[in-house]
Amino acid sequence: DMADGTVMKGTYSWKDASTVCFVSTTPPPKPGAAPFCTMMAAHNVGETWSDKDPAGNPETLAITAGR
């Protein structure tokens, strides 16, 4: 959930051992938008943590089990 109340959903994949890339599905990405990749320590399903978005705004991230 973003600070303005927007709920974002998507997928992630590990590019390498410490770089994770996120792709938004809700809201849909703009045409041609690249995934957002960042260095990150490994986290497990069910974990929630704080970070900053590409603009430096605080955000809370969570990993939930897929369906």
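In the predicted model described here, K52 stands opposite P58 of strand β5. This contact belongs to the pairing of strand β4, which covers residues 48-52, with strand β5, which covers residues 58-62, and the two run in the antiparallel sense over five bridges. Further along the two strands, S50 is found opposite T60 in β5. Strands of a sheet pair through backbone hydrogen bonds, and they do so in either a parallel or an antiparallel arrangement. Five residues lie between β4 and β5 in this hairpin, and within the hairpin G56 adopts a positive phi near 90°. Most residues other than glycine have a negative phi.

The two faces of β5 can be told apart by how they are covered: E59 and L61 form the covered face, whereas P58, T60 and A62 form the uncovered one. In a regular strand the side chains alternate between the two faces of the sheet. On the partner strand, D51 lies in β4 and, with a relative accessibility of 30%, counts as partly exposed. The C-alpha atom of D51 is separated by 13 Å from that of I63, a residue twelve positions away along the chain.

An open sheet of three strands is also present, with the order β1-β2-β3 and antiparallel pairing. Its edge strands are β1 and β3, each of which pairs on one side only. Neighbouring strands of this sheet are turned against each other by 25° on average, with direction ignored. The pairing of β1 with β2 is antiparallel and extends over six bridges, and in this arrangement W14 has V20 of β2 as its bridge partner. The loop between β2 and β3 contains P27, and the peptide bond that joins T26 to P27 is cis, with omega at about 0°. Most peptide bonds, by contrast, are trans.

Side chains of this sheet also meet through their aromatic rings, and a search of the whole structure finds two aromatic pairs. One of them is formed by Y12 and F22, whose rings are tilted, with 6.5 Å from centre to centre and 45° between the planes. Because Y12 lies in strand β1 (residues 9-14) and F22 in strand β2 (residues 19-26), this pair ties together parts that are ten residues apart in sequence. Neither of these residues is fully covered by the protein in the sense used here: Y12 is partly exposed, with a relative accessible area of 41%, and F22 also counts as partly exposed, at 25% relative accessibility. The other pair joins F22 to F36 and is stacked, with the centres 6.5 Å apart and an angle of 25° between the planes. This pair links distant parts of the chain, since F22 is in strand β2 and F36 in strand β3 (residues 36-39), 14 residues apart. F36 is itself partly exposed, its relative accessible area being 29%. Through these ring pairs, Y12, F22 and F36 are linked into a cluster.

The empty space in the model was examined next. Rolling a probe the size of a water molecule over the atoms shows where such space is left. The largest pocket has a volume of about 1300 Å³, and of the 32 residues that line this pocket, M8, K9, G10, F22 and S24 are the closest to its centre. At least two residues of the lining are supplied by each of β1, β2 and β5. Sorted by class, the lining of the largest pocket comprises 19 nonpolar, seven polar and six charged residues.

Enclosed space was also found, the count coming to one cavity of 30 Å³ or more. About 40 Å³ of space lies in the largest cavity, and the residues that line it are Y12, W14, V20, F22, M40, H43, W49 and I63. The elements that give two or more residues to this lining are β1 and β2. By class, the lining of the largest cavity divides into seven nonpolar residues and one polar residue, with no charged residue. F22 thus recurs in several of these descriptions, being a member of the aromatic cluster, one of the residues closest to the centre of the largest pocket and part of the lining of the largest cavity.

Notes
Residues numbered from 1 in each chain as written. Predicted model: local features only at pLDDT ≥ 70, side-chain atom pairs only at ≥ 80, totals over all residues. Heavy atoms only, no water. Pairing = 2+ DSSP bridges. Helix = DSSP H or I, 4+ residues; strand = E, 2+ residues; numbered from the N terminus. Phe/Tyr/Trp six-rings, centres within 6.5 Å; stacked < 30°, edge-to-face > 60°. Buried < 20%, exposed > 50% of the residue type's maximum accessible area, 1.4 Å probe, protein only. 1 Å grid on protein atoms, 1.4 Å probe; cavity = no way out; pocket = protein on both sides within 12 Å on 5 of 7 lines; lining within 4 Å. Points joined across faces, edges and corners; volume = space filled by probe spheres on them. Nonpolar A, V, L, I, M, F, W, Y, C, P; charged D, E, K, R; others polar. Axes fitted to C-alpha atoms, helices over the stretch in contact; angles between N-to-C directions.
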